[in-house]
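Here's a quick briefing for anyone opening this structure for the first time. Have a look at it below, then read on.

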Amino acid sequence: MTSSVYLNTVLYREDILLPHVVPFLLLVPLFIFIGGGTVMSGAYLLRLAMGPHVSWNRNGNPEPWNKTEPTQQHKFYSVNMDYSKLKKEGPDF
Amino acid sequence: MSDVIEEKIKNYRTAPFDARFPNTNQTRNCFQNYLDFHRCNKALSDKGQDVAPCDWYQRVYKSLCPLSWVAKWDDQIEAGSFPGKI
């Protein structure tokens, strides 16, 4: 008789005391991964909502990426980039 | 102002870096310049001004966009079914 624990049918060994919470404890890694996935997808949604990546309001704020400065850095880390550029065309609208 | 742009168009080599689109995926850059070209044409011709400055946007989108996309969008504009707001 090994000491492996089946989730639905717990084998009771006579020589050790088996707490009833062991099936829940064994499921904790599952909760960790599911919770981590939920947190990461929520964080991505927040990033999209707050940054100029997606147009959320077609009538009120179309094309939010056009409202940023030409000198603003959007990347997290950029190599060898001088961000003091000028806007590239005459305003005409 | 317009001779600055004329100068830029004359010295054009390729699409310059656009801080709005810093990553590898330049799809939106292409589409934005296409839209800007047509909006510029519409706005300047409504005001009765010369549409020559709009050529900058045309050079940029011709540098960036695949030919099939440009052809498809041109056909859509002629047919009146273009999805962008011009």
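Let's start with the surface of chain B: its accessible area comes to about 5300 Å², and 50% of that belongs to carbon and sulfur atoms. Keep in mind that this is a predicted model. Chain A, for its part, exposes about 7900 Å², with carbon and sulfur atoms supplying 65%.

**Chain B as a whole**

- Chain B has 4 helices and 0 strands, and from the N terminus on its elements run α-α-α-α.
- The radius of gyration of chain B is 13 Å, close to the 12 Å that the globule rule gives for 86 residues, so chain B is as compact as a globular protein of that length.
- If you box in the C-alpha trace of chain B along its principal axes, you get spans of about 35 × 35 × 20 Å.
- Out of the 86 residues in chain B, 37% count as buried.
- Take the contacts in chain B with a separation of 6 or more: residues 24 or more positions apart account for 65% of them.
- On the charge side, chain B carries 12 positive and 11 negative charges, and the mean positions of the two sets are 6 Å apart.

**Chain A as a whole**

- Chain A has 2 helices and 0 strands.
- Of its 93 residues, 13% count as buried.
- Looking at contacts in chain A between residues at least 6 apart in sequence, 0% join residues at least 24 apart.

**Helix H2 of chain B and the loop before it**

- B:Gln26 sits in the loop between helix H1 (2-10) and H2 of chain B.
- With a relative accessible area of 25%, B:Gln26 is partly exposed, because that value falls between the cut-offs of 20% and 50%.
- B:Gln26 and B:Leu64 are 38 residues apart along the chain, yet 7.7 Å separates their C-alpha atoms.
- B:His38 belongs to helix H2 (residues 27-47) of chain B.
- Is B:His38 buried or exposed? Its relative accessibility is 17%, which is under the 20% cut-off, so B:His38 counts as buried.
- Setting aside residues up to four places away in sequence, B:His38 touches B:Asp74, B:Ile77 and B:Ile86.

**Helix H4 of chain B and what follows**

- Helix H4 (residues 67-79) of chain B has 13 residues, so at 1.5 Å a residue it should span 18 Å; its end C-alpha atoms are 18 Å apart, which agrees.
- Right after H4 of chain B comes B:Gly80, whose phi is positive, near 85 degrees.
- B:Gly84 is also found in the segment after H4 of chain B.
- Which residues does B:Gly84 contact, leaving aside its neighbours within four places in sequence? They are B:Phe31 and B:Leu35.
- The C-alpha atoms of B:Gly84 and B:Tyr34 are separated by 9.7 Å, while the two residues are 50 residues apart along the chain.

**One residue to look up in chain A**

- A:Glu63 lies in the segment after helix H2 (28-50) of chain A.
- Most residues other than glycine have a negative phi.
- A:Glu63 is not a glycine, but its phi is positive all the same, at about 55 degrees.
- A:Glu63 counts as buried, because its relative accessibility of 15% is under the 20% cut-off.

Terms used: Residues are numbered from 1 along each chain as its sequence is written. Chains are lettered from A and ligands numbered from 1 in the order in which they are written. This is a predicted model: local features need pLDDT of at least 70, side-chain atom pairs count only at pLDDT 80 or more; totals for chains, interfaces and linings use all residues. Side-chain values use heavy atoms; hydrogens and water are left out. Buried means under 20% relative accessible area, exposed over 50%, partly exposed in between (1.4 Å probe, protein chains only). Contact means heavy atoms within 4.5 Å. The expected span of a helix is 1.5 Å times one less than its number of residues. Accessible areas come from the Shrake-Rupley method with a 1.4 Å probe; for residues, only the protein chains shown count as cover. The radius of gyration is taken over C-alpha atoms; the globule rule is 2.2 Å times the number of residues to the power 0.38. Lys and Arg count as positive and Asp and Glu as negative; His and the chain ends are not counted. The place of a charge is taken as NZ of Lys, CZ of Arg, CG of Asp or CD of Glu.
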